[in-house]
Amino acid sequence: GKTSLHLDAKQAKKDPRSGRVNHIGDLSSNRSDASQNLPEHQPTLSTDRWNGNPYIWFDGKRRFLDLAGEPITQNECTVLAVVSDEGPAGHREIISNWNSSGNIGTSFFIGLTKERDIRITDAFTDAGKVHNPQTPFLLSVVCNQNQVRVRQTGREVASRNRSLENRRFNTPWVVGQQGNIQGEFWKGGIGSILVFNEALENPELEQLESHLATKYGIQLKNDEERLDPSTQALASLVRVLFNSNEFIYLD
């Protein structure tokens, strides 16, 4: 798949007036750059690192970035985000196109609510819980024609057997708050956001998850936990055989 948005904090540029982040170039061919010209709304480039990688720090105080384009234009899509969350209980958004005059109830957004519940649009508001939100984690969301799947750090935490029908995608997109609501601000770090205007199949999704996890030093749920039950049983049997000395070695 080809990204329709690829933000990486390594691309962040600082506003010379404020020392805060005013631009992140989109690494996808869409050139949907993220920017914020008003110093009072600019997030910071953290001096801390995630496995050597910078991240953008949103302090929950009206910081957000505007996106130049529309990364998603259809119901079938995939979003991967490396983030941390220190938000107080309540709604807070990573990426959103909610618009007070255009698509209340039909917008697309990904965020958290309550203490650590995942929220994928207004249609899927109980999409699993995040574990250890204050350390960087990987959130993956895949929407296809008949299902929405949500994964944290390589493990599925929720799914719904219906698509996200009737979304309206053509309103302005932002990172770090709920569209133009002037609220529901993110409090935490954002390292990378990758968006695909298609539903990725598992092999490609897992490859991307593995790449991001390695990059950011995130411990993916081990591969065996991700296998289907029959493969898991075989893996267990093989381990038992290896650990018992039942093998006869022939020279």
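This report walks through a sheet, a helix and one loop residue of the structure above.

The model is predicted, so to speak of local features we need pLDDT of at least 70, side-chain atom pairs count only at pLDDT 80 or more, and totals for chains, interfaces and linings use all residues. Residues are numbered from 1 along each chain as its sequence is written, and side-chain values use heavy atoms, with hydrogens and water left out.

Let's start with the sheet. Eight strands form an open sheet with antiparallel pairing, in the order E2-E3-E4-E7-E15-E9-E10-E11. Strands (E, at least two residues) and helices (H or I, at least four) are DSSP runs, numbered from the N terminus, and two strands pair if DSSP finds at least two bridges between them. Here are the edge strands, each pairing on one side only.

| Edge strand | Residues |
|---|---|
| E2 | 12-14 |
| E11 | 117-120 |

Further in, two bridges join E3 to E4, and Ile24 has Ala34 in E4 as its bridge partner.

Now for helix H1, which covers residues 202-216. Its buried residues (under 20% relative accessible area, 1.4 Å probe, protein chains only) include Leu205, Leu208 and Leu212. Seen down the axis, the buried residues of H1 fall within an arc of 135 degrees (taken from the directions from the helix axis to the C-beta atoms), so they line one face of the helix. On the other side, Pro203, Gln207, His211 and Thr214 are exposed, meaning over 50%.

Finally, Gln177 sits in the loop between E15 and E16. Gln177 counts as buried because its relative accessibility is 2%.

Terms used: The expected span of a helix is 1.5 Å times one less than its number of residues.
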